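Reader: Let's go through this one together, question by question. Could you bring it up so we can both look?

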Amino acid sequence: MAFLTDLRELFQTQAERLRNRPFLEAAMAASALVATADGEVSFSERMRVDELLGSLELLKLYDVHTAVDLFNDYVAALEGDRDAGRTQVFTAVEKFAEDPQCGHLLLRISRAVCEADGAYLESEKRAVEELAKRLNLPPHLLS
């Protein structure tokens, strides 16, 4: 019976990962957008992403390396071709445009990444406002 219990738990974990994968992608995309907004991804911003991965229930399901790889992929896309990278970011984020609860959480994650290095720069503020717009949320939510 232990085998069946283990199999059931594995199935449940895999099902939760599949269901929450779009949120992981959106969170890493939004984080990459705000982290690159000032032209440089700081060590403190990367550390903040790691902290968020360990503290948010929706993201704990994933191996941290998988999430960091997604973050790095979005950063590389934004640094390589800003317009194409932004399209990728907004494609991931806009999946939550009709889910205000997830949208608010994505904005909070973004703001936390912005403030990781002790400053909330104008370029980062504009990136958060653009995310809010794409999520159909008021831009002043996290001002």
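Reader: Which backbone oxygen does the side chain of threonine 36 reach?

Author: Quick ground rules: this is a predicted model, where local features need pLDDT of at least 70 and side-chain atom pairs count only at pLDDT 80 or more, while totals for chains, interfaces and linings use all residues. Residues are numbered from 1 along each chain as its sequence is written, and side-chain values use heavy atoms, with hydrogens and water left out. Threonine 36 lies in helix H1, residues 2-36 (helices are DSSP runs of H or I, at least four residues, numbered from the N terminus). At 2.9 Å, its side chain reaches the backbone oxygen of alanine 32.

Reader: What else lies 3.2 Å from a polar atom of that threonine 36 side chain?

Author: Polar contacts here are pairs of N or O atoms within 3.5 Å; within protein, one must be able to donate a hydrogen and the other to accept it, and residues adjacent in sequence count only if both atoms are side-chain atoms. At 3.2 Å from the threonine 36 side chain sits the backbone oxygen of leucine 33.

Reader: Is threonine 36 buried or exposed?

Author: Buried means under 20% relative accessible area, exposed over 50%, and partly exposed in between, using a 1.4 Å probe and protein chains only. Not counting residues up to four places away in sequence, threonine 36 touches Val41, Val75, Leu78 and Arg82, with contact meaning heavy atoms within 4.5 Å. Its relative accessible area is 6%, so threonine 36 is buried.

Reader: Where do the buried residues of H2 fall, seen down its axis?

Author: H2 covers residues 43-55 and reaches 19 Å from first C-alpha to last, close to the 18 Å expected (1.5 Å times one less than the number of residues). Its buried residues are Glu45, Val49, Leu52 and Leu53. Going by directions from the helix axis to the C-beta atoms, these buried residues fall within an arc of 100 degrees, so they line one face of the helix.

Reader: Which helix supplies the largest share of the largest nonpolar core?

Author: A nonpolar core is a set of buried Ala, Val, Leu, Ile, Met, Phe, Trp, Tyr and Cys residues joined through side-chain atoms within 4.5 Å. The largest one has 43 residues, and those touching the most other members are Phe23, Leu24, Met28, Phe71, Tyr74, Val89 and Leu131. H1, H2, H4 (64-80), H5 (82-93), H6 (100-114) and H7 (122-134) each supply at least two residues. The largest share, 11 residues, comes from H1.

Reader: How many disulfides does the structure hold?

Author: Cysteine 102 counts as buried at 16% relative accessibility, and cysteine 114 is buried at 0%. A disulfide would need a pair of cysteine sulfur atoms within 2.5 Å. The number of disulfides is 0.

Reader: How far apart in space are isoleucine 109 and arginine 48, C-alpha to C-alpha?

Author: Isoleucine 109 lies in H6 and is buried, with a relative accessible area of 3%. Leaving aside neighbours within four places in sequence, isoleucine 109 is in contact with Phe23, Ala27, Ser31, Leu52 and Leu56. Arginine 48 is 61 residues from isoleucine 109 in sequence, and the C-alpha separation is 9.3 Å.

Reader: Which residue following H7 has a positive phi?

Author: Most residues other than glycine have a negative phi. The residue here is exposed, with a relative accessible area of 52%, and its phi is near 60 degrees. The residue that follows H7 with this positive phi is asparagine 136.
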